[in-house]
Amino acid sequence: MDATTETTAIVREVSIAASPETVWELLVDPDKVTRWIGEQATFEPRPGGTYRIGVVPGHTARGEFVEIDPPHRLVFTWGWEDDSSVVTPGSTTIEIVLEPQGDGTLLHFEHSGLPSKDSAESHAHGWDHYLARLAVAGGGGDPGRDPWLDGDRS
Amino acid sequence: MEATLRAIAEPHRRQILGLVRDGELSAGEIAAHFDVTRPAISQHLNVLKEAGLVNERRNGTKRLYRARPEGLAEIKAFLEGFWDVRLGALKREAESEEGTKHGRHD
């Protein structure tokens, strides 16, 4: 790995009108997780346990649970099994923190370890990374009807 | 963005982008890496060019191709959009589930 490779993160906050316990179940229950991401999921929700999510046909995300503190904090690694991706399972990390907010929950989301735009422009890793992600979006046919783009869950 | 997604959905085109990301190559040099026909490679290059993923430059009789890094801005935006959509779906599902739980006790 090139020592000058920089990484960046995607950071989001989402306010949810549901208790942290309800949100937590959707994060770690394999029967519920597919209601918001992916088509099939296998989960071992314990530290060191692995998960696999079939995000779209032919493209599977895989990682390992790092920290599980219900219903507060969930940390897991994220990567693609696709041959074309250098974002291999374990190479990026997602941290989700649930903070009680009145009757609801403020969800903090951070996906870190992604190649930064600057480094992506000059490093093969960055290109491969983003191209592989795009390949996921394009895989399976007409991107115009891709549920990722129109916001539909399928 | 849709053109970008279509362009990238084809494995040969992803390989071509990999070849030209660090430097310019002619269509012939690119074709030498593949078993498919030269016209097929030209077609792929056209799709990539129209999607804004490669730049084409003429040098004498040669056409030279190079990956266009600005395409990344759109791709990064797409990635962020991916999680926005997924987290939006999580919010809807959680709120729907919460409503169901409370509804049973009302």
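Start with helix H2 of chain B and select B:Arg13, B:Arg14, B:Ile16, B:Leu17 and B:Val20: these residues of H2(B) are buried. Look down the helix axis and you will find that they cover an arc of only 160°, which puts them on the same side of H2(B). A general point helps here: an α-helix has 3.6 residues a turn, so residues three or four places apart point the same way. Keep in mind throughout that you are looking at a predicted model.

**Next stop: the partner helix**

Keep H2(B), which spans residues 11-20, and add helix H4 of chain B, residues 38-50. The two helices pack with their axes 10 Å apart, at an angle of about 75°. That angle falls in the range 65 to 115 degrees, so H2(B) is roughly perpendicular to H4(B).

Which residues make this meeting between H2(B) and H4(B)? From H2(B), show B:His12, B:Arg13, B:Ile16 and B:Leu17; from H4(B), show B:His44, B:Leu45, B:Val47 and B:Leu48. Colour them by class and the contact of H2(B) with H4(B) shows five nonpolar residues, two polar ones and one charged one. B:Arg13, B:Ile16 and B:Leu17 should already be familiar, as they were among the buried residues of H2(B).

**Turn to the sheet of chain B**

Now select the three strands of chain B. They form an open sheet in the order S1-S3-S2, with antiparallel pairing. At the edges are S1 (25-26) and S2 (54-59) of chain B, each pairing on one side only. As a general reminder, strands of a sheet pair through backbone hydrogen bonds, either parallel or antiparallel.

Zoom in on S1(B) and strand S3 of chain B, residues 62-67: they run antiparallel and are joined by two bridges. To find one place where S1(B) and S3(B) line up, click on B:Ser26, whose bridge partner in S3(B) is B:Leu64. Then bring H2(B) back into view, because there is more to it: H2(B) packs on the sheet, touching S1, S2 and S3 of chain B, and its direction makes about 95° with that of S3(B).

Zoom out to all of chain B. How many helices and strands does chain B have? There are five helices and three strands, running α-α-β-α-α-β-β-α from the N terminus on. Of its 106 residues, 28% count as buried. Among contacts in chain B with a separation of 6 or more, 57% involve residues 24 or more positions apart.

**Over to chain A**

Chain A has five helices and seven strands. Following the chain from the N terminus, you will pass β-α-α-β-β-β-β-β-β-α-α-α. Buried residues make up 33% of its 154 residues. Residues 24 or more positions apart account for 40% of the chain A contacts with a separation of 6 or more.

Select A:Arg62, which sits in strand S4 (residues 59-69) of chain A. Is A:Arg62 buried or partly exposed? It has 17 C-beta neighbours inside 10 Å, so A:Arg62 counts as partly exposed. Leaving aside neighbours within four places in sequence, A:Arg62 is in contact with A:Thr50, A:Tyr51, A:Arg52, A:Gly79, A:Glu81 and A:Pro89. Try the distance tool as well: the C-alpha atoms of A:Arg62 and A:Phe43 are separated by 9.9 Å, and these residues are 19 apart along the chain.

For the last stop, move to A:Pro71, in the loop between S4 and strand S5 (73-80) of chain A. The peptide bond from A:Pro70 to A:Pro71 is cis, with omega near -10°.

Conventions. Residues are numbered from 1 along each chain as its sequence is written. Chains are lettered from A and ligands numbered from 1 in the order in which they are written. This is a predicted model: local features need pLDDT of at least 70, side-chain atom pairs count only at pLDDT 80 or more; totals for chains, interfaces and linings use all residues. Axes are lines fitted to C-alpha atoms, for helices over the stretch in contact, and angles run from 0 to 180 degrees between N-to-C directions. Helices (H or I, at least four residues) and strands (E, at least two) are DSSP runs, numbered from the N terminus. Angles under 35 degrees count as roughly parallel, over 145 as roughly antiparallel, 65 to 115 as roughly perpendicular and the rest as oblique. Two residues are in contact if their C-beta atoms, placed from the backbone, lie within 7 Å. Ala, Val, Leu, Ile, Met, Phe, Trp, Tyr, Cys and Pro count as nonpolar, Asp, Glu, Lys and Arg as charged, and the others, Gly among them, as polar. A residue is buried if 20 or more other C-beta atoms lie within 10 Å of its own, exposed if 12 or fewer, and partly exposed in between; C-beta atoms are placed from the backbone. The arc is that of the directions from the helix axis to the C-beta atoms. Two strands pair if DSSP finds at least two bridges between them.
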